[in-house]
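Reader: Please give me a close look at one part of this model, then follow the chain outwards from there. I work at the bench, so explain each term when you use it.

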Amino acid sequence: MKYERIVKGKFITRPNRFVAYAELNGRIEKCHVKNTGRCKELLIDGCTVWLERSDNPKRKTLYDLVAVEKGDRLINMDSYAPNLAAGEFLPTLFPGGSIRPEYTYGNSRFDFYIEYNSKKILLEVKGVTLENDGVVMFPDAPTERGVKHIGELSKCLDEGYEAYLLFVIQMDKVKYFTPNDETHPGFGEALRAAEKRGVKLLAYDCAVTPDSMVLDKPVKIVL
């Protein structure tokens, strides 16, 4: 997954979920934040951020904030990137399979539907940006929507589908993934219950550069 027209900036402030201000070559630019999560541990005053310049001159914000440097670690924080990178990676997991994005099933919409070796598979993707001492966690804020997705995946097992939940770790060199029970205990409970029911859990880190993100190595999951 590649970005175009990437530039380096210095983060100044984020007045709301969608907007941030960054300094680029001595100018203050209003930027669109492509992540509605809190990201408080990432967007710290003066940190280095990476921005994609839009090719649409009529946009109110000329730049999208897509990545941030946290110490010596580069983290992609674009919430659209995990699905795009997963779409490129899934043929490696399911070689020769039929892979369809944005699949509607009943009243639910899943990120991917896969037919592979006579199996029908529904797969949901979650991007992970929260890290503490090499341990990565999800979610970084309470997410009833995330709990709902887990419940919907579990129900599909009764209809003969296989169900997967793929955590895309938007950085590399991490120790393990675990649900963030402190922030949202209900998500962790739902995740553990789904795994016991038969939902398959996967986690992969990513090779991240300022202008790219590619799924790389499997990451241990600790429930």
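Author: Helices (H or I, at least four residues) and strands (E, at least two residues) are DSSP runs, numbered from the N terminus. The model is a predicted one, in which local features need pLDDT of at least 70 and side-chain atom pairs count only at pLDDT 80 or more, while totals for chains, interfaces and linings use all residues. Residues are numbered from 1 along each chain as its sequence is written, and side-chain values use heavy atoms, with hydrogens and water left out.

The part to look at is the pair H2 and H3. On the way into H2, Pro139 lies in the loop between strand E11 (135-138) and H2. The peptide bond joining Phe138 to Pro139 is cis, with omega at about 0°.

Two packed helices are described by the angle between their axes and the distance between the axes. Here the axes are lines fitted to C-alpha atoms, for helices over the stretch in contact, and angles run from 0 to 180 degrees between N-to-C directions. Helix H2 covers residues 144-156 and helix H3 covers residues 185-197; they pack at an angle of about 10°, with 9 Å between their axes. H2 is therefore roughly parallel to H3. The word covers angles under 35 degrees; over 145 counts as roughly antiparallel, 65 to 115 as roughly perpendicular, and the rest as oblique.

The crossing of H2 past H3 is left-handed. That term applies if the near helix is turned anticlockwise from the far one by less than a right angle; clockwise makes it right-handed. H2 brings Gly146, Val147, Ile150, Ser154 and Lys155 to the contact, and H3 brings Gly186, Phe187, Ala190, Leu191, Ala194 and Arg197. Contact means heavy atoms within 4.5 Å. By type, the residues of this contact are six nonpolar, three polar and two charged. Ala, Val, Leu, Ile, Met, Phe, Trp, Tyr, Cys and Pro count as nonpolar, Asp, Glu, Lys and Arg as charged, and the others, Gly among them, as polar.

Following the chain out of H3, Val199 sits in the loop between H3 and strand E14 (200-209). Val199 is buried, at 4% relative accessibility; buried means under 20% relative accessible area, exposed over 50%, and partly exposed in between (1.4 Å probe, protein chains only). Beyond its neighbours within four places in sequence, Val199 touches Leu153, Ser154, Leu157, Ala163, Tyr164, Leu165 and Ala194. Ser154 and Ala194 belong to the H2 and H3 contact as well. From Val199 to Ala163 the sequence separation is 36 residues, and their C-alpha atoms are 5.1 Å apart.

Tyr204 lies further on, in strand E14. Its relative accessible area is 12%, so Tyr204 is buried. Apart from neighbours within four places in sequence, the contacts of Tyr204 include Phe89, Leu93, Phe167, Val168 and Pro218. Val168 is 36 residues from Tyr204 along the chain, with 5.4 Å between the C-alpha atoms.

Before H3 in the chain comes Phe177, in strand E13 (residues 176-179). Phe177 is buried, at 0% relative accessibility. Leaving out neighbours within four places in sequence, residues in contact with Phe177 include Phe138, Phe167, Leu191, Ala203 and Val219. Among these, Phe138 is joined to Pro139 by the cis bond, and Leu191 is in the H3 side of the helix contact.

Upstream of E11 there are two loop residues to check. Asp133, in the loop between E10 and E11, has a positive phi near 55° although Asp133 is not a glycine. Asp133 is exposed, with 57% relative accessible area. Thr129, in the loop between strand E9 (119-128) and strand E10 (130-132), is buried at 7%.

Last, the cysteines. No disulfide, meaning a pair of cysteine sulfur atoms within 2.5 Å, turns up in a search of the whole structure, which finds zero. For Cys206, the closest cysteine sulfur is that of Cys39 at 15 Å, too far for a bond. For Cys39, the closest is in Cys47 at 11 Å, again too far. Cys206 is buried at 0% relative accessibility, and Cys39 is buried at 1%.
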